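Ready to practise reading a protein model? Have the picture at hand and try each task before you look at its solution.

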Amino acid sequence: MEILDTDILVIGAGLSGLRAACSALERSPHLRVSVATLKKGPSGSSFANRNNALGIQIPLTDSEKNDYVKEVLALAKPGFVKPYLVKIMAEEASEAYEFLKGLEVRFKSDEGGPSRFKGCFSNVERAFVFEDLHHFYESFSGMFRSLGGDFLAGLRAVSFLVDDDGVHGALFADESGNDVAVRAGAVIAALGGPAGMWKYNITGPGQSGYSYGMLHRAGVELKNAGFVQFMWAEVKSGNFVPPGQLFRKENRLAAMAEPFYFGDMTLSSHEEQFRQRNTHCPVSWGLEDRSLDVTLASCRNEDGVVVVQLGDGEWIGVAPMAHSGNGGAVIDEFGRTGVRGLYCCGECATGMHGADRIGGGMVLSGMVFGKRAGEHAAKSVRTIPSKDRLRGLCSGQNYCTPSQREQLAEMLQSDATILCSRACFKWKRELDATRENESLTALAIVRDLCHLEEMKFAASRRSSAT
Ligand SMILES: Cc1cc2nc3c(=O)[nH]c(=O)nc-3n(C[C@H](O)[C@H](O)[C@H](O)COP(=O)(O)OP(=O)(O)OC[C@H]3O[C@@H](n4cnc5c(N)ncnc54)[C@H](O)[C@@H]3O)c2cc1C
């Protein structure tokens, strides 16, 4: 088995991984910092998403910061959130903005300078949007290289190498399937979220989707894993379909059983929900307008597709597509997980948002906690373990075969998408016995969904008893 050495190993080359890697080198230029990733070039949701643009929440004034914190906390229910992490994000947003300006990202602007927009779930024009993600990648990766960092591309991370004393590196498979171990004094997980595991998804490429599984196996505490964001998109093209277009009263749904007119729901009692639903693209977990999506999702056919006839007579097939996750490792203000030397940032970390997240909040989180994780790892890096010690920790490969993965993708799509079906409870028991990273990610998600279902059931029993 090949063994490589570095001081700080960052896994994942999205914006959070690169931010962590650059900040480690800025703090301690003498350290070796390596970024390992599945594929060469832009990957993940950061640089390769189909919109070719990203929004970032940047509260500038004290009052904007207070409002931002309030909005994030209000949206976090029924998920888990650490308010002090939200405050840190608000406080350090301006710094993230300056950093992006330093990378010369291309902000959408008008004559007065960069324009500000409302993010999903927010009524405040506080986000900046930058375009041309290829340029963003070139600029960011160029900065990392010029600081002296190196990429280890073509490596699929399989497990963190952990013992009672913390993390000592990670085990990878190279493109031919051979084991490669990397010894390191600190490891930063920036592997992105789970959305790539769903049959229908609109996440970026190069996503294994099993960050939660790897973190779970390493003994890291996970929260909010069930709160995956789904957006309605056309199955044929993958293009996002605005909810406002679907929820028009003239649309007709070809439901599984009896067709009905969606317009039946446009009773005045639903007016507020329709209005609210148009303020966010992802399906909400905590707002009342969720019931509209639940209704729509219950009309999926056996392929998981809702067939809708639009007012102009055209039929389209739409499905809820996994877009990104709001869950992951519970971290502290320095990106530390409970495992010594193992840090986490970006879409595989949580606590700075809960069930629902303001659009533009994830990029901010990746920039702020990526920076913090990199700095702290550089300050606290330990000596790398001996090769013999490392070999003893290499526990073999634990990821699914393509057909197992396909099965999981089908299962997540049919039973763990917006609705938590009864089958989830069965899956939970079956997945409990598994060891593969993908299955463990699915287990974390399904466990959360079942817990949520049980809480809802208990609440409805309590209210019917009173
Ligand atoms: C279409 C789309 C639009 C979005 N728009 C916005 C927006 O406007 N604002 C916002 O805040 N958020 C937005 N998001 C979410 C946001 O883009 C992502 O959450 C964020 O970019 C994630 O960054 P990251 O660095 O954590 O992970 P990613 O950018 O996903 O990077 C993960 C990295 O890990 C690598 N990797 C994964 N698994 C392995 C493995 N097993 N071994 C080795 N490497 C691995 C990947 O190849 C990649 O390099 C959007 C997401 C999508 C899909």
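Here are three short exercises on this predicted model, each with a worked solution.

**Exercise 1.** Find out whether Asn 437 is buried or exposed, and what its side chain reaches.

*Solution.*
- Step 1: Locate the residue. Asn 437 belongs to helix α14, which covers residues 437–465.
- Step 2: Check the accessibility. Buried means under 20% relative accessible area. Asn 437 has 0%, so Asn 437 counts as buried.
- Step 3: Look at the side chain. The side chain of Asn 437 reaches the backbone oxygen of Val 158 at 2.8 Å.
- Step 4: Look around. Leaving aside neighbours within four places in sequence, the contacts of Asn 437 include Val 158, Tyr 210, Arg 217 and Tyr 399.

**Exercise 2.** Describe the surroundings of Leu 152.

*Solution.*
- Step 1: Leu 152 sits in strand β10, residues 150–153.
- Step 2: The relative accessibility of Leu 152 is 15%, so this residue counts as buried.
- Step 3: Not counting residues up to four places away in sequence, Leu 152 touches several residues, among them Leu 4, Leu 9, Val 35 and Val 182.
- Step 4: Now compare chain and space. Leu 152 and Gly 12 are 140 residues apart along the chain, and their C-alpha atoms are separated by 10.0 Å.

**Exercise 3.** Test whether the span of helix α10 agrees with its number of residues.

*Solution.*
- Step 1: Helix α10 runs over residues 361–380, which is 20 residues.
- Step 2: The expected span is 1.5 Å times one less than the number of residues, so α10 should span 28 Å.
- Step 3: The end C-alpha atoms of α10 are 28 Å apart, which agrees.
- Step 4: Finally, consider burial. α10 is mostly covered, with 17 of its 20 residues buried.

How values were computed: Residues numbered from 1 in each chain as written. Predicted model: local features only at pLDDT ≥ 70, side-chain atom pairs only at ≥ 80, totals over all residues. Heavy atoms only, no water. Helix = DSSP H or I, 4+ residues; strand = E, 2+ residues; numbered from the N terminus. Buried < 20%, exposed > 50% of the residue type's maximum accessible area, 1.4 Å probe, protein only. Polar contact = N/O pair within 3.5 Å; in protein donor to acceptor, adjacent residues only side chain to side chain. Contact = heavy atoms within 4.5 Å.
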